[in-house]
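Visitor: Hi, could you walk me through this one? I'd like to start with how the chains meet.
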2 protein chains.
Amino acid sequence: MIKVGVVGYGTIGKRVADAVMLQKDMELVGITGRSYSWRMIAAKEKKIPIYALGDDEELRKNGIKIAGKFEDLLGKVDIIVDGSPKKIGIENRDKYYKPRKLKAIFEGGEKASSVDASFVAQCNYDECIGKDYIRVVSCNTTGLSRTLNVINKLYGLKEVYATMIRRGADPWDIRHGPINAIVPVLELPSHHGPDVRTVLHDVEIFTTALSVSQTLMHVHTITAECKKTPNVDEVVKAFDAATRIRVVANDSLIRSTAEIMEFAKDIGKLRGDMPEICVWKEGIGVHNNKLLYIQAVHQESDVVCENIDAIRAAMGFKDGKKSIAMTNAALGIK
Amino acid sequence: MIKVGVVGYGTIGKRVADAVMLQKDMELVGITGRSYSWRMIAAKEKKIPIYALGDDEELRKNGIKIAGKFEDLLGKVDIIVDGSPKKIGIENRDKYYKPRKLKAIFEGGEKASSVDASFVAQCNYDECIGKDYIRVVSCNTTGLSRTLNVINKLYGLKEVYATMIRRGADPWDIRHGPINAIVPVLELPSHHGPDVRTVLHDVEIFTTALSVSQTLMHVHTITAECKKTPNVDEVVKAFDAATRIRVVANDSLIRSTAEIMEFAKDIGKLRGDMPEICVWKEGIGVHNNKLLYIQAVHQESDVVCENIDAIRAAMGFKDGKKSIAMTNAALGIK
């Protein structure tokens, strides 16, 4: 049994905690709580032990039972998944995890240069086996890496250009915008391109990004120049056969990110998550030696299964394919 | 004096009517009205003669004075600008304009194959001189054509890939969505690529498109493979020197389509329109022999000046550059 602690119970942390509880080879020792919110009520209802980050008076006052202090949690686990806001994860490592020789998984907000390796299970599991500090790349980088890895194996990638149309905020987030604007990222390339190379080291990729006024998924349009001439049917088959990628179709009236999210709820996914990267069948095209495709990325959930596999890789579990299969079975992922 | 009639007083028609009134060599004979709405009140306040399309009872009942029937308008003009919904323009031509040997300008909703020529003034004015039926291409095609024409002249275009992030609906439009989704166009290429070739005949271009939940402008991300290696400063200078293109900058806090629209109001443009294609300075980059840039297109207004130039071209005015200068001066366009 791998004893796991989750630090930071936000968008990713709370999902990783649930996913850990569903693994046969893992035990969720506890999570951390700092301030009172609906998240703490949910954790309490799920009977997850809550360890206090800082003063616990506000939590206790609101009826949240505290299992101990943050430091107590660290003494009981084999590994930490740190879903803190960016930069805090690496600060925690230097202050708390390193002195205790405790392994940890970080999220995509941390810098690649701060960790031992960046991670997307189906791309570079082997590279991360036994590493102490692994970074699961961001939702967008994960989405790009999963599908580009398939194309790279099939045809060889010469050069990739991608535009990321990003959701403005998560559905629960009432503080961010835009309400009515398109906001380009005014740095070229956007950070996503270089980030893909931390996982797929030999892929030449250049990215642009924008934020838009909606909350349901990111969408990527990708132009992948291949070494061999691509074929649409072959690509559909390869995506279909790959793990954690789902081919969706206009035929079944999945015409937008809204319909993907509704479909995820209809098939009973927890929280209505869609961890698979969804590629539109009718959005795949070939022009000269270039493959074009359009994919949707559920920003809140696609990296959750990656965190589970990263835990196994860090703990020295050697078989990446087996880890992916175990994670998928436990979480109901294609 | 060129006597102009405007058929269809919607998003484009009403703007073209205003623009015609501002030209020294043109006279707005009248517009058409079908049903009662705020648009008719505005036309009445501007003292524009209104000719009835069909039964005029509803208009009269609501205090809108009618100058005559649609057919009466046709007898008084040299040329029609037809801003009817798509397909209706060409139906009008066959039924009304052709029998009267009346020239007409159509909008981008009509098929290129239905007209004598497609039009973007700074790209192919000469080709359209004296033509009876000219089609001003859509707002997106106009935006692509204007900037690609500059790059084509500067470096030669080898191949272009562009993604169009389109506004979901116009600001006044309460019937269309999406409220919360990204909706890809599930045909590859989207129609914009082939449409650019009706104006810039030799440009190899492939486009993808999506609709998003906002109303302020379209945004394009463009990857233009050039025959010579592009240079960012050179491109900024060339866009700056070109007509109907505006370089905007993050430096001046123009970070989004919302700020462009506010800026347009602040500089006193009628209706807050931004007819120039806005290219973000910080969004221009070079990777190998490829130029990348991000531009915003004001869907309601960029084609209005094109309609004015198209009128002159159709009427046989030979000097395209002079026409553009006249139109720009009258409309306050860069």
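**How the copies meet**

Guide: Happy to. 100% of the interface residues of chain A are also interface residues in chain B, so the copies meet through the same surface. This is a predicted model, in which local features need pLDDT of at least 70 and side-chain atom pairs count only at pLDDT 80 or more, while totals for chains, interfaces and linings use all residues. Residues are numbered from 1 along each chain as its sequence is written, chains are lettered from A and ligands numbered from 1 in the order in which they are written, and side-chain values use heavy atoms, with hydrogens and water left out.

Visitor: What turn lays chain A on chain B?

Guide: A turn of 180° with a shift of 0.0 Å along the axis does it, at an RMSD of 0.0 Å (a least-squares fit on the C-alpha atoms of residues with pLDDT of at least 70 in both copies). The two copies are thus related as by a two-fold rotation axis.

Visitor: And which C-alpha of chain A is nearest the axis?

Guide: That of Ser213(A), 2.6 Å from the axis.

Visitor: Switching to charges: how many salt bridges are there over all chains?

Guide: There are 44, counting a side-chain nitrogen of Lys or Arg within 4 Å of a carboxyl oxygen of Asp or Glu. In one of them, Arg15(A) meets Asp273(A) at 2.8 Å, N to O. Arg15(A) is in helix H1 (residues 11-21) of chain A and Asp273(A) in the loop between helix H10 (257-266) and strand S14 (277-280) of chain A, so the pair ties together parts 258 residues apart in sequence. Helices (H or I, at least four residues) and strands (E, at least two) are DSSP runs, numbered from the N terminus.

Visitor: Are Arg15(A) and Asp273(A) buried or exposed?

Guide: Both are buried; that means under 20% relative accessible area, with exposed over 50% and partly exposed in between (1.4 Å probe, protein chains only). Glu300(A) also forms a salt bridge with Arg15(A), with the closest N and O atoms 3.8 Å apart, and Glu300(A) is buried too.

Visitor: Now Gln295(A): where is its place?

Guide: Gln295(A) is in strand S16 (residues 290-297) of chain A. Gln295(A) counts as buried because its relative accessibility is 0%.

Visitor: What lies 3.2 Å from a polar atom of its side chain?

Guide: The backbone oxygen of Gly143(A). Beyond four places away in sequence, Gln295(A) touches residues including His218(A), His220(A) and Trp280(A), where contact means heavy atoms within 4.5 Å.

Note on methods:
A polar contact is a pair of N or O atoms within 3.5 Å; within protein, one must be able to donate a hydrogen and the other to accept it, and residues adjacent in sequence count only if both atoms are side-chain atoms.
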